[in-house]
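Q: I'd like to learn how to read sheets and domains in a model like this one. Can you walk me through it?

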Amino acid sequence: MTRLPDTWIDVAIPLPLYQTFHYKLPPDLINHVTLGSRVLVPFKNRKLLGFVVGFPKEGFPKAKPILEACPESFFSKEKFDLLQWISNHYAAPIGEVIKATVPLLKSKNPKKPKPFLFPKLSYTRPTALNEDQKKVLALLVQALNKKEFSPFLLHGVTGSGKTEIYLSIIEHAIQKQKTAIVLVPEISLTPQLLFRFQTVFPNQIAVLHSGLSQNQRHYEWTKIQAGKALIVLGARSAIFAPLQNLGVIVVDEEHDTSFKQEEKIRYHARNIALVRGQIDGALVILGSATPSLESMFNVTQKKLTYLSLPNRVQNRPLPKIELIPLNQNKTILEPPQIFSKPLLNALQETLHKKEQAILLLNRRGYAPVLLCQSCGYVPKCPHCNVGLTVYLKTNRLLCHYCNQSQSIPKTCKDCEHETLLTLGIGTERVEAELHTLFPDARIDRMDRSSTRKKNSLHRLLKDFSDQKTDILIGTQMLAKGHDFPNVTLVGVVLADTSLNFPDFRAPEQTFQLLTQVAGRSGRGQKPGRVIIQTFHPDHYCFKYAQNHDFLGFYKEELTYRQMANYPPYIKLFNFKIRHPNLLKAKTKIESLAKKIQKIRSQDPQIAVLEVLGPAPAPFSKLQGQYRFHLLVKSPSYALGQRLLKNLLQEEAFFTSSPKIHIDVDPLNLL
Ligand SMILES: [Zn+2]
Ligand SMILES: [Zn+2]
């Protein structure tokens, strides 16, 4: 590539700095740099590696010359456009965006690591698609042929064959020398999808996820760059894969919150997929049985085209869902009711018929609370302002936020009575109860505690798939896209756990969780049944889940969002501080509030923004850090970003300790 010799360059330094820096190119290096080149520059009293991000037209006589240059470019113009969009949209320093999304290849030929172990399962590809699938595929093929950005929301009920659509459209793309990215919430929880892709596209797949070693990541990255992998499967960061000729991006289970990164660059991979699709002129398919309110809203705004698979494959019925009200009149000191009569009978019947059951309880451990009956004392974590979870098997009290644990005391720390009582239920307690009730049944448990060891998750899923397990109890990990044809019963032990979260998205997330876990039932020849136990049987969320009525839920939930002025009607900007010193954290967030107030009084456009807080976060202290936040509601991105731009003129205020983290479109407000 020939380019006019430039004298000055803009360099992004991978530090938390919002600005880029001007440097001079010595004559002997002029032809050695291009956009995306890595350069060694003097920076304050250090020498740092940075990236060339621009070629300013005007001169900067005082700019220092760069020291060294590596001619290879680490990103294309298209990729840089994407990185710049991320930097602007999420108010993230460009140098950090580059550092987080472009792995720095140390050597040109990374050592070949052990190959990714694709799970070995059984899969026979259906010989033909059904009528619904054919219709959807035809529309997607038509869009692919246009070779321009076409975004779709594929709403397919559980078991409707979305994966076959992904496989088919990607086959079309590959025939046209195009490539594809498939994003899944979590690689380890999607063995079936991986296996299907591996069966249909042997040796054409690269897998990218956070569990890779640096060497593995480099190896996969190089393979993709060299055009040796045409399909990239991976978790959220795979959206940055350096594929050329991108034809299709699939975001499977697009509603899943794991697509949002909660640290460093707080991006949402679903948003990035849409922006990358636009830049690369690709087809983007957001797929889900329970689309996010945001995506469904984007359909009504004509930003996404709606496609629907309203039926299960082979005309299999959706499972029948029964709601069982739990007894609210019990005092908390009575032992909790774990299984209602109907659920107990259903479990018995399932075991008798040699079929399989899944039980969901979104809470791990034996019990969530230890309480002194005499004085009301509840042991809390010394580093976090939260109660400790009881684990009876290991005789520990564990903090779920910092992992610190202690042995369970025999006597109360406050009144010294031996009157400590476990309150409530967790998966470990359900497992213990099941062993008592069904001593001959083969029972397994799947949650973050039981799957910590390497390969334990793989083993657990394989045993269940091979029908070596009768009942699988677990947390929301269970609800992800698993496909076990012999599962005919799904029981939700307590559906209210996620509903009680102090978050405006709690009903949406509960509806999604219930619909997803219910969808694990009756996927094979035999019809399925779902039993949901709840203290709030009249909550609208359960009514719609029971009737498999996503659109009904969507409409009702949307009216509440509008009334309360929450997304998708407005955009949220959250400013967060985490610091070990309470006073410092509080002072900083208060001075941020003052700065925002001042800007509002000077700029009538920004005055329309609604400011909530500053206030302690619902979890006011975690891992020894005090947490404060300030939430801004804006009618548009443009106005919120106008405020950010104004604030970031005083960059040091944000980057100096206690640092202020900016979260645009936050998903987690706890
Ligand atoms: Zn006590
Ligand atoms: Zn803790």
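A: Let's start with vocabulary: two strands pair if DSSP finds at least two bridges between them, and strands are DSSP runs of E with at least two residues, numbered from the N terminus. This is a predicted model, where local features need pLDDT of at least 70, side-chain atom pairs count only at pLDDT 80 or more, and totals for chains, interfaces and linings use all residues. Residues are numbered from 1 along each chain as its sequence is written, while chains are lettered from A and ligands numbered from 1 in the order in which they are written.

Q: Which residue of E17 is the bridge partner of Val390?
A: Leu397. Strand E17 (residues 396-398) pairs with E16 in the antiparallel sense, over 3 bridges.

Q: In what order do the strands of that open sheet run?
A: E16-E17-E18, with antiparallel pairing. E16 (389-391) and E18 (405-407) each have a single partner strand, so one side of each lacks a neighbour in the sheet.

Q: Which strands are at the edges of the sheet with the order E2-E1-E4-E3-E5?
A: E2 (21-24) and E5 (68-73), each pairing on one side only. This open sheet has 5 strands and antiparallel pairing. E1 (residues 8-12) and E2 share 4 bridges, and Trp8 stands opposite Lys24 in E2.

Q: How far apart are the C-alpha centres of domain 1 and domain 4?
A: Domain bounds come from an automatic or database domain assignment; here they give domain 1 as 8-101 and domain 4 as 571-664, among others. Their C-alpha centres lie 29 Å apart. The contact (C-beta atoms, placed from the backbone, within 7 Å) takes 5 residues from domain 1 and 6 residues from domain 4.

Conventions
Contact = placed C-beta atoms within 7 Å.
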